[in-house]
Amino acid sequence: MADSHEAGVEPDATEPEATPLLTPRDGVPELSVSPSEIKRAADLLASGSGPFAVDAERASGFRYSNRAYLVQIRRHGAGTVLIDPVNHGGDPVATLAPVAEVLATDEWILHAADQDLPCLAELGMTPTKLYDTELAGRLAGYEKVNLAAMVQRLLGLQLLKGHGAADWSRRPLPAEWLNYAALDVEVLLDLRFAIAEVLDEQGKTDWAAQEFEYLRSFEAAPTRRDRWRRTSGIHKVRDRRALAAVRELWITRDQIAQRRDIAPGRILPDSAIIAAAVADPDTVEKLTALPVFGGPRQRRNAKIWLDALARARTTDDPPTAHETSTGPPPASRWARRKPEAAARLEVARAGLNELAQRVSVPTENLVSPDAVRRLIWDWQPARDPAEAAAIIDAFLAEASARPWQRELVVPVLARALTAESAAGGTGEG
C-alpha cells in the first residue's frame, strides 16, 4: 500500500486526540517464505472467521514491474500473517494457491483496492467479495480518505508515517518495515465496520455495495499506444523530429528497464530524455556535455542513446504534435470550436456540483467526468426531457455507470441538456 497513509495525515481541528498505534497487538508475525511456511499461514487463516483484511507492498519507483513483494492478511481468530511472494523458489501462483483458496471463502477488506488488486491477481488471488474502506470514505463525504486520517477519525488511533514508499524488493526486510506492514492490516477490520455504520446512517449502503462490486470485477482497458507522450516536460518539444527523439529514447529506456526490472526513471530520467531530444547530439562528446549524460553510467551507455537519436533522425514516421484522439477535445477549447456544447457543459457541471454537495459525494464519484464530456460533445437535441433522460440513461449504462449513479445524475443531465440556456437558444447540437 505504497501511499495509503504517507500523506495528508494532519488531523482536522475537530478531530479528537488519537492514541499512537506503534506495534501490532499480537506482535509482529514471522515472515512466511518457504512453501511449507506459506501453507501453515493458509491453515492459520482458515482457522479464523469472517472477512480478511488484505494489503500488499510493491516497489514502485524502484522496479519496473508492479508485482507484490509482501502480502499482509489478517482475520479474526487467526491474527496476522506476512507472506513473501517472491523468495520461495517456486511458481508464485502454485506456491500461494493454499492462501488464495482460503481467501476465496469470504470478503476482502482493502484500502484503495485498485492499487493492490492487480498485483494480487498476478499471484492468483482474486476476491469473491470486496470492501474498499477508502472508497467508502469518499462515498461518506470525507475530505481526507487516506488510511491514517480515517483511522484517526473513526477509531481514535494514530498511524505514524512509515515505509510505504520504500524499496520492498529489498531482502532481508528490516524489522521496522514488517512492523509497519502488519499495522496496515491491524486496523482494517475495525475500520470496515466503523465506516459501514456511517454509510448506513447516510443511506448509502447500497451505493457502496454497487461500487465495490464494480471495482471487484473491473478490467482495465489496454494501455494507450503512445505512452511515451507522458514524458515529463514534453511540452518543451516543438517539432516532429524532436518528438521522434523523445519516442526513441523513451522506448529504448523502457526496454532496458523491463529487461532489468528497474524503474525507468532510474535508468534515465525524463529530464535527460527531453534535453537530448531538444539538443540532438550526434557525438559522444556532445551527448555527455548534457546534464545527466556526463555521469559514469551514462557514458558507458552513450552509444545506446546515440543510436536511438540516430533512429529518430532517419525515421519515415515522425510523430505528430498531438496524439490522435477518439474523444472530444479538452473542455477549454469547446467555447471556440462548439460554443453550444460549452454552454451545455457549464450548465451540466453546475447541476452536478449542486447534486454532489447535496448528497455529500465527490462529483467524480457520482459520474465519470469523461463520460459526461463525451455525452455533451456529441449531444443531439431530444424532443422532451423524458426522451433526453432515456437517451442519457442508456449512454451512461453503456459507459458502465452504476444504477445508483444513473438514478441521481440522469435527471440533472436531462435538465441541463434540454434547457433553453444550455442549447444556446438554437436547438442545435
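This passage looks at the largest pocket of a predicted model, then at one helix that helps line it, and finally at a glycine in a strand.

The largest pocket holds about 720 Å³ of space. Its lining is made up of 28 residues, and Glu-211, Tyr-214, Phe-218, Glu-364 and Arg-402 are the closest to its centre. Several helices give two or more residues to this lining, namely α4 (113-121), α5 (133-139), α9 (205-217), α18 (363-366), α19 (369-377) and α20 (385-398). By residue type, the lining of the largest pocket divides into 13 nonpolar, 10 charged and 5 polar residues.

Of these helices, α20 is worth following a little further. With 14 residues, α20 reaches 20 Å from its first C-alpha to its last, close to the 20 Å expected at 1.5 Å a residue. Ala-388, Ile-392 and Leu-396 are the buried residues of α20. Viewed down the helix axis, these residues fall within an arc of 60°, so they line one face of α20. An α-helix has 3.6 residues a turn, so residues three or four places apart point the same way. The cover over the buried residues of α20 includes α19 and α21 (403-418), while the face turned away from the buried side carries the exposed residues Ala-386 and Glu-398.

Turning to the strand, Gly-79 has its place in β5 (residues 79-83). Gly-79 counts as buried because its relative accessibility is 13%, under the 20% cut-off. Leaving aside neighbours within four places in sequence, Gly-79 is in contact with Asp-26, Ile-73 and Arg-74. Pro-29 lies 50 residues from Gly-79 along the chain, and the C-alpha atoms of the two are separated by 8.8 Å.

Note on methods: Residues are numbered from 1 along each chain as its sequence is written. This is a predicted model: local features need pLDDT of at least 70, side-chain atom pairs count only at pLDDT 80 or more; totals for chains, interfaces and linings use all residues. Side-chain values use heavy atoms; hydrogens and water are left out. On a 1 Å grid over the protein atoms alone, a cavity is a set of points where a 1.4 Å probe fits but cannot get out, and a pocket is an open set with protein on both sides within 12 Å along at least five of seven lines; lining residues have an atom within 4 Å of a point. Grid points are joined across faces, edges and corners, and a volume is the space filled by probe spheres set on the points. Helices (H or I, at least four residues) and strands (E, at least two) are DSSP runs, numbered from the N terminus. Ala, Val, Leu, Ile, Met, Phe, Trp, Tyr, Cys and Pro count as nonpolar, Asp, Glu, Lys and Arg as charged, and the others, Gly among them, as polar. The expected span of a helix is 1.5 Å times one less than its number of residues. Buried means under 20% relative accessible area, exposed over 50%, partly exposed in between (1.4 Å probe, protein chains only). The arc is that of the directions from the helix axis to the C-beta atoms. Contact means heavy atoms within 4.5 Å.
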